[in-house]
Amino acid sequence: MRLSRAAVVSAVIAQAAVVALLLSGCVGSDAATQPATVHGISNSGVSYDGLLSDGVTDMTNENPGQYGKDWFYEVDGEQHTSLASLRFLSDKGYKHDRVSFRWERLQPTLFGPLDPKEVARITAYLDALQKVGMDAIIDLHNYGHYKMAGSPNLDTGQGGWSLGQEQLPYSAFADVWKRIVKQWGGHPAVSGWELMNEPTMMATTGTASFKKTVTPPGADTSWNADDGKVTQSTTLGHGDDSSVEYAPPEGGQWLYSPGFTGADTDRSAAGKVDSVSAWVYLDPGSGPASVSLMAQDGTDGSYHLGGQMNLVEGQWTQVAYAPDFSMSDVRQYGLLFAGDNFNGSRTVHVDDLAEGSSNVVSGLQHWQAASQKAVEAIRATGDSHTILVGGYDWSRMANYGTINGKPWIKDPLAQPDKLVYVAHHYWDKLRSGAYGNQTPESEFGSVDQAVDTLVDGEFGDFTEWLESNNVYGAVTEVGWPAKVASAEWNKVAVAWLEYAKEHGVSWWYFATGTTWIDQPYVVYSASKHWVLGGVLDGNTGQSKTIEKYLPAGGG
C-alpha cells in the first residue's frame, strides 16, 4: 500500500503570490502580483547532534558544550571578528542567510531569560551580516524537542522532551519566541522567524479506549513482490490475538504494511468511534525507528497519515490515530514504519488493531497546536516580520500534503505573504541528506528519472499544495553532493532551480560554513575548518551551478 503521488503541476503559477517568500522591507505596493523571491544559504557553525565533540557526553540545557569547540558563529564579537567568510558569500551574490541555534543554549531554563553570552554572539553575527549587506531568517534548530537534563534519548539530535509533553508545554515554545522577537525584532538584519527546524518524532500523548477489534490480515497476505512478505507470529504474547510480523526490504527506510480491512462497515453498535489503535513491537537490536498509522478514505481513495510514534526496542508500544475524515468512510488501515536503515534482520510486529474512542494527541497535532501558539505570541508583541512554519516529519517535501493535511496556522496579522510554510528537499533515496556515494543513476535510474521524481513529482506536488490552499511556501534546506557524480547531480539541480525560478519559490542552500567542510553537500571550501578563524575561500562541485541562479547584486 503506497501513498499515491498527486498530479504534476503542468502550468506556471502566474497568479497572485502563492509560493514566494516576501521578506519585510521587500514588499511593495504591487507585491500581490509581483512577489519577491529569496535565494539564500545556511552559514552554520552550530552543532545539532545529541553528543558533544567528545562523542560521549550528551548535550543538554545544563551542559551545552564548550563554545568554540562544540559550536560557534563565524563572527561572534568574542573570539572571531573577521568578516572574511561573510564577505566571500556576499561577493558571490548571497544576500540572505539562515542563522540557526539550539534552544537549550539560548534559553537554558524554560520560561527563563535568554543567556546573555549567546545573545551577544548572535547579535554580533547579525551586526556582521548587516555590515556586508546581508540579512537573515532566525531558525530555532531543535526538531520539536528540548534536551533537558534527565530527559529521554539524549544521545540523538532529536532527543529530549517534545512539544506537548507535560515537561515541554506549548506555552514554553510561545515564551521563547516572545523573548527572541523582543530581543532581535528591531535588528535591521533580521528578515523573518523560522519557528522550528524539522519538527519530527514528537510524542503522542493522551488516553484511549479501544473495544472493537479490526480483522488483521492472514499469514498469506502479501503486499509487494519486491518488498518482502508477511508471516504470522504467535510468540510475543500481546493480547489474545496472534500478531502480524513484517520483514522489510534490505536497506529501505520506509516500510508500508498491507492494508488492514475494517471489521465491518456498520460501526453504530460500537458507540463513539473516532480513532484507530494498534500495538507494535520492535525486535531488540533493531536500532531507532518510529511508526505512524494510516487510514484510507473510501470516498476518494486518498491516504491520511497520523503522527509518528517512537518505538522502544523489545517493548510493545501503542500507537493511535484519529483520522481527519469520518470513520464511517474508512476503507482500510495501514502502518508506515520509518528508520535509518531497515534491513532483513529488523522485524516489527503488530497486534490488536482496533477502533474506538480516543483523546490521544499525535505528534503532528502537537506541532500544529504549538506553532499556532508561537505565531500568536509573536504577533502579540506587535511584530510583523515573515514567520516561516516547518512541515511535520522532517519538513519533507515529498508527500507534504499527505503528512500535514490542510494549512493550519491562523495568523492574527492577516497578511498572507507574511506566513510561509516550509519544506526541505534532499535527493538521496531516503530524502535524508545522508549522502555517500550515491548518484542519480543509483538512486533513480537516470538523471531524467531523478528530475521526474524530484522536480516534476515532489516539487510539483508541493507547489500544487500551496496553490490549491492559496498559501505561501519556501524551501529553507536543499542540498546535493559535490564530490560524487557532481556533473550529473548538477543537471538535476539545474532542473530544480529552473522550476523554483519559474514558480517563484524562495530557497536557502544547506549548507556552508567552516564547520561543514567534510559533509558531501557542503558548498565552498575553507583553508581551515572547525576552528575559529577559518575562512571560506574556495569553490566546490555545485557552487558554480548555484551562483548562476543568484540575481545580479544578490537576491
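This passage describes a buried glutamate, the salt bridges, a covered strand and the aromatic pairs of the structure. The model is a predicted one, and the values given below are computed from its atoms.

The glutamate E104 is found in helix α2, which spans residues 103-106. Its relative accessible area is 0%, so E104 is classed as buried, the limit for that class being under 20%. Two polar partners can be named for the side chain of E104: a polar contact of 2.8 Å is made with the side chain of R102, and the backbone nitrogen of K147 is reached at 2.7 Å. When residues up to four places away in sequence are not counted, E104 touches M59, T60 and N61 as well as N142, H145, Y146 and K147. K147 thus appears both as a residue touched by E104 and as the residue whose backbone nitrogen is reached by the E104 side chain.

Side chains of opposite charge can pair when their charged atoms come close. The structure holds 13 salt bridges, of which three pairs and one network are described here. In the pair formed by D175 and R179, the closest N and O atoms are 2.9 Å apart. Both residues belong to helix α4 (residues 170-184), and because they are 4 residues apart in that helix, about one helical turn separates D175 from R179. The two partners fall into separate accessibility classes: D175, with a relative accessible area of 8%, is buried, whereas R179, at 28% relative accessibility, counts as partly exposed.

A salt bridge is also formed by D393 and R396, for which the separation of the closest N and O atoms is 3.6 Å; D393 is buried, and R396 is buried too. For the salt bridge of E458 with R431, the corresponding separation is 2.8 Å. E458 lies in helix α8 (residues 447-469), while R431 is placed in the loop between β20 (419-426) and α7 (440-444), so this pair ties together parts that are 27 residues apart in sequence. Both E458 and R431 are buried. Beyond such pairs, salt bridges that share partners join R98, D139, E194 and E477 into one network.

One member of that network, D139, is also a residue of strand β3, on one of its covered sides. Strand β3 comprises residues 135-140 and is mostly covered, with 6 of its 6 residues buried. In a regular strand the side chains alternate between the two faces of the sheet. In β3 both faces are covered, since D135, I137 and D139 on one side and A136, I138 and L140 on the other are all buried. Strand β3 pairs in the parallel sense with strand β2 (residues 96-101) over 6 bridges, and S100 stands opposite D139 in this arrangement. Strand β6 (residues 190-194) runs parallel to β3 and is joined to it by 4 bridges. Within the pairing of β3 with β6, D139 stands opposite E194, and E194 is itself a member of the network that includes D139.

The structure holds 25 aromatic pairs. The rings of F459 and Y499 have their centres 4.7 Å apart and their planes at 45°, so this pair is described as tilted. F459 lies in helix α8 and Y499 in helix α9 (residues 486-503), so the pair ties together parts that are 40 residues apart in sequence. Helix α8 therefore contributes both F459 to this ring pair and E458 to the salt bridge with R431. F459 is buried, with a relative accessible area of 0%, and Y499 is likewise buried, with a value of 7%.

A tilted arrangement is also found for F510 and Y521, because their ring centres are 5.9 Å apart and their planes stand at 40°. F510 is located in strand β22 (residues 506-512) and Y521 in the loop between β22 and β23 (525-526), so parts 11 residues apart in sequence are tied together by this pair. F510 has a relative accessible area of 5% and is buried, and Y521, at 9% relative accessibility, also counts as buried. Ring pairs link these four residues into a cluster whose members include Y426, W427, Y435, W480, W489, W496 and Y509. An aromatic ring also takes part in a contact with a charged residue, in that R121 lies over the face of Y67 at 3.9 Å from the ring centre.

How values were computed
Residues are numbered from 1 along each chain as its sequence is written. This is a predicted model: local features need pLDDT of at least 70, side-chain atom pairs count only at pLDDT 80 or more; totals for chains, interfaces and linings use all residues. Side-chain values use heavy atoms; hydrogens and water are left out. Helices (H or I, at least four residues) and strands (E, at least two) are DSSP runs, numbered from the N terminus. Buried means under 20% relative accessible area, exposed over 50%, partly exposed in between (1.4 Å probe, protein chains only). A polar contact is a pair of N or O atoms within 3.5 Å; within protein, one must be able to donate a hydrogen and the other to accept it, and residues adjacent in sequence count only if both atoms are side-chain atoms. Contact means heavy atoms within 4.5 Å. A salt bridge is a side-chain nitrogen of Lys or Arg within 4 Å of a carboxyl oxygen of Asp or Glu. Two strands pair if DSSP finds at least two bridges between them. Rings of Phe, Tyr and Trp (its six-membered ring) pair if their centres lie within 6.5 Å; planes under 30 degrees apart count as stacked, over 60 as edge-to-face and the rest as tilted. A charge sits over a ring if NZ of Lys or CZ of Arg is within 6 Å of the ring centre and within 35 degrees of the ring normal.
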